[in-house]
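I opened this notebook to record what I looked up in one structure. The entries below follow the order of my reading.

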Amino acid sequence: MLKKPVAVQQNPAPTVRLITLGCAKNEVDSEEIAGVLAQAGYRLDGQTENPDIVIINTCGFIESAKREGLQVIREAVRQKRAGHIRQVIVAGCLVQREGETLRQLFPDVDAFVGVGQMARFAEIVGTVRRSQTPLTDIQPPHHRWAEVATRLRTRTPWSAYLKISEGCHHKCTFCTIPSFRGPHVSKPLERVLAEAHWLAQNGAKEINLIAQDTTQYGYDLYKQFMLPTLLKELAAIDGIEWIRIHYAYPSRVSYALIETMATTPKVVPYLDVPLQHADREVLRAMRRPGDSQSYLRMIRKLREAMPTIAIRTTLIVGFPGESEQAFRNLLRFLEEAELDRVGAFLYSREKGTPAAEMLDQIPFQVKRARFDALMRAQQSISLRRNQMWVGKTIRVLIEGDAAEGQWAIGRSHRDAPEVDGLVYVRHCSALPGEFVAVQIERADVYDLYGVAQDAPSIRSGAETPKS
C-alpha cells in the first residue's frame, strides 16, 4: 500500500513593512526598494502586526520632518524590544544628514543606510539578517537606480510619479538638500522613457514629473536643458494622457518650455514653480533669482500661451531679515499674480545652512502671524480663481467616491495628487481611473462641484473659464 506523501512545511519568506516619510521623491525611492526586495523573495506587508523587518525611509528636509522621523524610529525600536519586530533598518535623507547622531540615539537599530542605495537593498537586508553587528552604510551621495521592472507601485495605478533626476546644484541659503542629496544628476533619457513605458503598460494614465529641479533635467548629460524634449517623447507613449510638471525653477521656465507645454496636448496646463518669496532683498538673501516683476512677467507669458493654466507655488514666510515692508511686498505680489495654488512654510532654521547663521532671525509669533495673513489672502484669491470655472466644462480623472456615496471624487488638470483641490461630481458612472467631462456648478476655496456630462471627454484640458 502506497503511503501518502507528507507535506514539508517550508519556512515562509521574511515579511517587510516599509514606512515612507516625506515627499513624493521618497515615495518613488520606497517603491524601488520594495520592488528590489519583492524580487529577492521578501514579502512586503504593511498590515502585519509582527513583521520580521521594518524599513523606515526618512525625510531630513526641515526640523519638523526630523522630529517625525525620530518619533517613528523610536516606536519601531520599542516594538523591537517588545519582541514584535526582529530588525529595524533606517534609511534615507535623515540618515545621510544625521547618521552619527542617530546611531548614538538608537543603538538598537540594526542598520543605517544613506540615500541612493535603492538597487542594493536586497544585499543590505541580507547582510543585516546574517549579522549580529549593526550596519552603517552612509556613502557620499550617489544614486543607484533600480531596474525599471522591479519598481513596486504603492499608489493608485492610474497616477504615477516619475523621478527624472536627483540632487540639486542650487545654493539656496535656507536649504539642506544639496548637503545630503548631492549635486544634480539626471537619469538618462532612455532610462526615463523606459520607466514611463513600463508605468503606462501597468495602467498609469497620469505621469507626474518630479525632481529637485525638473527644469535642469539633462544638462549634466547632454549639455542642454532637455525637459522640452522629454515632454515630447513622453507624449508619444500610448496610454499616457496627462503629463504634469512639478518643481520648475523660475529662472529656467524658458520660451522653449512654455511653447512645448502649450503645443503638446498631453502636457496639462499646470506648472508647479516654487518661488519662495517675491521681495527682491529677501530673494537675494536666499540666493534665489528674480523678483516680483520678473515673476509676474513669467506668469503673464504662461497665461498668454495657456489661458487655462493652473500655477502652483510655495512660499517661505519669516526668513531672516524679512521686514514688514518685505512681507507687504509679498502680499502685494500675491494679489497681482493671482496664483491658483499656494503652499506656505514658516522658515525653519536648519543647522549647517547659511541662513541659520544670519542675524535678525524672526520670532516664531511673527512668522506665525505672517503665515496666517498670507493664507487668508490666498484663500480669497483661490476662491476667485475657482469661481471662474462655474458654468464651464472641465475634464476630470475620477479617483473614487465620497463617503456618503452621492458624489464621485476626481481631479482636473488644475489639481496635482494630494496637494491641490478636488472635483466632486454628481451623476457620475465613471469608474476610478476613467476620465469624464464635468460641468462645474459651484466652487469653494479649494474644490469644485459639478455634474457629469454625456458628451465625450475633452482631450486637451478644459475650456477657457470665465474671467
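These entries cover sheets, helices, salt bridges and one buried glutamate, in that order.

**Entry 1. The open sheet**

I note at the outset that the model is predicted. I traced an open sheet of six strands with parallel pairing, in the order 7-10-11-12-13-14. Its edges are strand 7 and strand 14 (341–346), each of which pairs on one side only. From one strand to its neighbour in this sheet, the average turn is 20°, direction ignored.

I then looked at strand 12 (residues 267–272) within that order. I found it mostly covered, with six of its six residues buried. On one side I recorded its pairing with strand 11 (residues 242–245), which is parallel and runs over two bridges. There, Ile245 has Leu271 of strand 12 as its bridge partner. I also recorded the pairing of strand 12 with strand 13, again in the parallel sense, over three bridges. In that pairing Tyr270 stands opposite Ala310 of strand 13.

Helix 13 (residues 364–387) packs on this sheet, where I saw it touch strand 13 and strand 14. The direction of helix 13 makes about 175° with that of strand 14.

**Entry 2. The barrel**

I followed five strands that close into a barrel, in the order 15-16-17-19-18. The pairing in this barrel is mixed. The twist from one strand to the next averages 50°.

I took one pairing of the barrel in detail. Strand 16 and strand 17 are antiparallel to each other and pair over three bridges. Ile409 stands opposite Tyr424, which belongs to strand 17.

**Entry 3. Helix packing**

I examined helix 6 (residues 189–201) against helix 8 (residues 227–235). Their axes lie 10 Å apart and the helices pack at an angle of about 30°. I logged the crossing of helix 6 past helix 8 as right-handed. From helix 6, the residues in contact are Leu189, Val192, Leu193 and Ala196, and they meet Leu230, Glu233 and Leu234 of helix 8. Sorted by class, this contact holds six nonpolar residues, no polar residues and one charged residue.

I turned next to helix 4 (residues 121–130). Its buried residues are Phe121, Ile124, Val125, Gly126 and Val128. I listed what these buried residues pack against: helix 1, strand 3 (53–58), strand 4 (87–92), strand 5 (111–113) and strand 6.

**Entry 4. Salt bridges**

I searched the whole structure and obtained 38 salt bridges. I selected three pairs for a closer reading.

The side chains of Arg155 and Glu27 form one of them, at 2.8 Å from N to O. Arg155 sits in the loop between strand 6 (135–137) and strand 7 (159–163), whereas Glu27 belongs to helix 1 (residues 24–39), so that I read a link between distant parts of the chain, 128 residues apart. I checked the exposure of both partners: Arg155 is buried at a relative accessible area of 18%, and Glu27 is buried at 17%.

Glu98 and Lys66 form a second salt bridge, at 3.7 Å from N to O. Because Glu98 lies in helix 3 (residues 93–105) and Lys66 in helix 2 (residues 63–81), this pair ties together parts that are 32 residues apart in sequence. Glu98 is buried, with 7% relative accessible area.

Asp420 and Arg312 form the third pair I read, with their closest N and O atoms 2.8 Å apart. Asp420 is in the loop between strand 16 (408–412) and strand 17 (423–426) and Arg312 is in strand 13 (residues 310–317), so the bridge ties together parts that are 108 residues apart in sequence. I found both Asp420 and Arg312 buried.

I also noted one network built from salt bridges that share partners: it joins Glu31, Arg151, Arg153, Lys187, Arg191 and Glu195.

**Entry 5. Glu322**

Is Glu322 buried or exposed? I recorded 2% relative accessibility; because buried means under 20%, Glu322 counts as buried. I placed Glu322 in the loop between strand 13 and helix 12 (324–337).

Which residues does Glu322 touch, leaving out those up to four places away in sequence? I listed His277, Val282, Ile316, Val317, Phe327, Ile362 and Arg370. I also took the C-alpha to C-alpha separation of Glu322 and Leu283, which is 9.9 Å in space, while the two are 39 residues apart in sequence.

Methods: Residues numbered from 1 in each chain as written. Predicted model: local features only at pLDDT ≥ 70, side-chain atom pairs only at ≥ 80, totals over all residues. Heavy atoms only, no water. Salt bridge = Lys/Arg side-chain N within 4 Å of Asp/Glu carboxyl O. Helix = DSSP H or I, 4+ residues; strand = E, 2+ residues; numbered from the N terminus. Buried < 20%, exposed > 50% of the residue type's maximum accessible area, 1.4 Å probe, protein only. Axes fitted to C-alpha atoms, helices over the stretch in contact; angles between N-to-C directions. Left-handed = near helix turned anticlockwise from the far one by under 90°. Contact = heavy atoms within 4.5 Å. Nonpolar A, V, L, I, M, F, W, Y, C, P; charged D, E, K, R; others polar. Pairing = 2+ DSSP bridges.
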